[in-house]
Amino acid sequence: MVDYKQQIAARISAALGAEAPAEAEIMDKIEVPKEIARGDYAFPAFILAKTLHKAPQQIAADLVAKLDQTGFEKIEAAGPYVNFFLDKAAYSREILATILKEREHYGDQDLGHGGNVTVDMSSPNIAKPFSMGHLRSTVIGNAIALLLAKTNYSPIKINHLGDWGTQFGKLMAAYTLWGSEEEVKQDPINTLLRYYVKFHEEAEKDPALDDLGRNWFKRLEDGDEEATRLWKWFRSESLKSFMRIYKKLGIDFDSYNGEAFYNDKMDEVVDLLKQKGLLHESQGAQIVDLGKYNLNPALIMRSDGATLYITRDLAAALYRKRTYNFVQSLYVAGNEQTNHFDQLKAVLAEMGYDWADEIHHIGFGLITKDGKKMSTRKGHVVLLDQVLNDAIGLAKEQIAAKNPMLANKDAVANAVGIGAVVFHDLKNERLNNFDFNLDEVVRFEGETGPYVQYSHARAMSILRKAGNPVLSADQALAVDDPQAWETLRLLGDFPTVIARAMEEYEPSVVAKYALHLAKAFNKYYAHSRILTEDAGRDARLALVKCVALVLKEALRLLGVQAPDEM
C-alpha cells in the first residue's frame, strides 16, 4: 500500500527545496483532520514560519502553488494549513483489493520478528472465587497476546496463580476453627470465601488470629503434612472452577506455574544477591537498598525467614528468561502494583541483568460496582461467572425480541453476552477506572460490543441477500459514492491502529476503532442503495465484504466472537 504521509512529505520537501526540513521531520508533523471536509491529511505551515520568515497563511498558499498535485483529488490552503484530498477512486481500488487479497491477515505486521514475549496475566488467588476484579488482567492480557501474534511476536501466556502466601495460613486457620469437610465439598469456592471473610472479621476483634494464620503458613512452608493436604485440596477445587470460566471466555494459557512453583528457586535468588553484595540486614530483615532509583528498599526476607512476593517474582523472572529467552516480559497487573514492579526491575538491574529493561508493567484501573471497590477480604465481591451468565441471559432476551426465529440462538447469546462484557472492559483505556453496569453493557445500540457484532452481522446479511458473490482482488473495484469515503478511510487505517495498539499495549485503541468503523458503515448503509443492480454494485459489495472482514478481525483481536447472524 502507498504510504501517503511519506509521499506528501517528499512532495513538500521537493517544493521547499534547500529550505526544507528533513523529510522525517515533515512527515512527523503531518496530521489527519478530524473533519473529512478538511481533507485526508493536513500539513501545518506555521512550523516553517521562523525558517522562512513569512506568515503561515502565505507559506501555505505558496506551497499549494508549488506542489506536484498528481494523484491527488486536490490540494488547497486553509489558513495556515495545506490540506490534501486523496484520489478517492484510486484509494478505494487499492484498499479494497488489499483487504480482499489479505482477508483476515490484513493488518499483519512484522514488528516482533518472531521474538518470545511472556505475558503474566489473570493470576487469580486459589481458594477464592474468580471475581470481576480479575477480569481486567485476564482480558487485557489476552488481547495484548493476540496483538503480539498479529505483529509477529510469539506470546507465551502465563497464569501465575496466587497459590502461596500468608492468606493460605489464614484460610487454614479459619477452616480448622469453623469449617467442615462436608460443607466445603458441597460448595467449595463460596464456602472457602465465607471462611476467609469471617477470619478477617474476627481478626479485627482478636489480633491473635493473625498470628495463628502466620503459624499455619509457616507449617505449609516447612512441608507439614496436614497443611500440605489442605493446600492441595483448596488448589484443586479452585482450578476446576477457574477452568470453567476460562472456557467461557475462550482463553487458554501456556503455563499455570504459580507462586508455589518457585518455592525451590528462591534460595538461588538470595544467594545471588549475597554474592553480589546487594543484601543488607535491616531490623532483622534482609533488604536490597534502592535509594539510587528513588525507591524504598526491596524487602527480600522477613526477620522470621519468610519470603515475600518480590522474592518469588525475582525467581520467576530468572526462570522465564532462561526458559523462554524473552525479548519482552509483560506483567498485566493493577496500577496499585506499580511500585512493586519498579522495585523488581531495579533489583534485577542491580544484579547486572540488562534485560531488566525488557520488563514492562501493563497497569490498569479498577472496576467498581455502584461506585464501590470490590474486595474479597470484606466480602464485597462480584462473581465473574454470575456476571457472564446474567449477560448471556440479557442477550437472549434481546435476541428473542429482535429476531425470535434466529438459528443457534443459544450459541449467539453466549457470543453476544460474553463478548459484551469483554468489549466493555477493553473499550476503556486500561489505566482508567470505570463503573460496571450490566444493563448498559449488553445493549445492541450505543458504544457496545453487541453494536459492533450487530454491524458485522448486518454486513454478512447484505452479502447473503446478494447471493454471496465471489469478489476478487483483481477486479479493480472503486466505490464512487461520497457516502462511502469515511468507511474507506477507516478501512485503510486498520494497520496503523494495530501498530499503535501494540506500541502502547492498549487494546482500547482497537475497540474504539471497531466502534468508529461500525458507525461509519451503518451511516453508509442508511444512505446508500447497496444492492441496486448497476455498474457500481460489485464495488459496493466489495466494500461491505471488507467491512465484515475487518470488523471480525478487530473483534477477534479483543477476544470477542463475531456471529454471522444476530
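Ile-126, Ala-127, Lys-128, Gln-167, Leu-171, Leu-192 and Tyr-196 line the largest cavity of this structure, which is a predicted model. That cavity has a volume of about 40 Å³, and the structure holds three cavities of 30 Å³ or more. Rolling a probe the size of a water molecule over the atoms shows where empty space is left. Sorted by character, the lining divides into five nonpolar residues, one polar and one charged. Two helices, α7 (166-178) and α9 (188-205), each supply at least two residues of the lining.

Let's turn to another helix, α6. This helix covers residues 135-150, 16 residues in all. From its first C-alpha to its last it reaches 23 Å, close to the 22 Å expected at 1.5 Å a residue. Is α6 largely enclosed or open? Because 14 of its 16 residues are buried, α6 is largely enclosed by the rest of the structure. After α6 comes Asn-152, with a positive phi near 65°.

Next, the nonpolar cores. The largest nonpolar core has 155 residues, and Leu-63, Phe-84, Phe-234 and Leu-491 have the most contacts inside it. Helix α21 (residues 537-557) gives this core its largest share, 14 residues. Apart from it lies another core, of 32 residues, which includes Leu-273, Ala-315, Ala-316 and Val-347.

Phe-84 is a good place to zoom in. Leaving aside neighbours within four places in sequence, Phe-84 is in contact with Ile-8, Ile-12, Gly-39, Asp-40, Tyr-41, Phe-43, Leu-67, Phe-72, Lys-74 and Ile-75.

You may like to set this beside Ala-349, a residue of helix α14 (residues 338-350). Ala-349 counts as partly exposed because its relative accessibility is 34%. With neighbours within four places in sequence left aside, Ala-349 is in contact with Tyr-293 and Ala-356. How far apart in space are Ala-349 and Gly-162, C-alpha to C-alpha? The two lie 25 Å apart, with their positions 187 residues apart in sequence as the separation.

Here are the helices mentioned above, with their residue ranges.

| Helix | Residues | Note |
|---|---|---|
| α6 | 135-150 | reaches 23 Å from first C-alpha to last |
| α7 | 166-178 | supplies at least two residues of the lining of the largest cavity |
| α9 | 188-205 | supplies at least two residues of the lining of the largest cavity |
| α14 | 338-350 | holds Ala-349 |
| α21 | 537-557 | gives 14 residues to the largest nonpolar core |

Technical notes. Residues numbered from 1 in each chain as written. Predicted model: local features only at pLDDT ≥ 70, side-chain atom pairs only at ≥ 80, totals over all residues. Heavy atoms only, no water. Helix = DSSP H or I, 4+ residues; strand = E, 2+ residues; numbered from the N terminus. Expected span 1.5 Å × (residues − 1). Buried < 20%, exposed > 50% of the residue type's maximum accessible area, 1.4 Å probe, protein only. 1 Å grid on protein atoms, 1.4 Å probe; cavity = no way out; pocket = protein on both sides within 12 Å on 5 of 7 lines; lining within 4 Å. Points joined across faces, edges and corners; volume = space filled by probe spheres on them. Nonpolar A, V, L, I, M, F, W, Y, C, P; charged D, E, K, R; others polar. Contact = heavy atoms within 4.5 Å. Core = buried A, V, L, I, M, F, W, Y, C linked by side-chain atoms within 4.5 Å.
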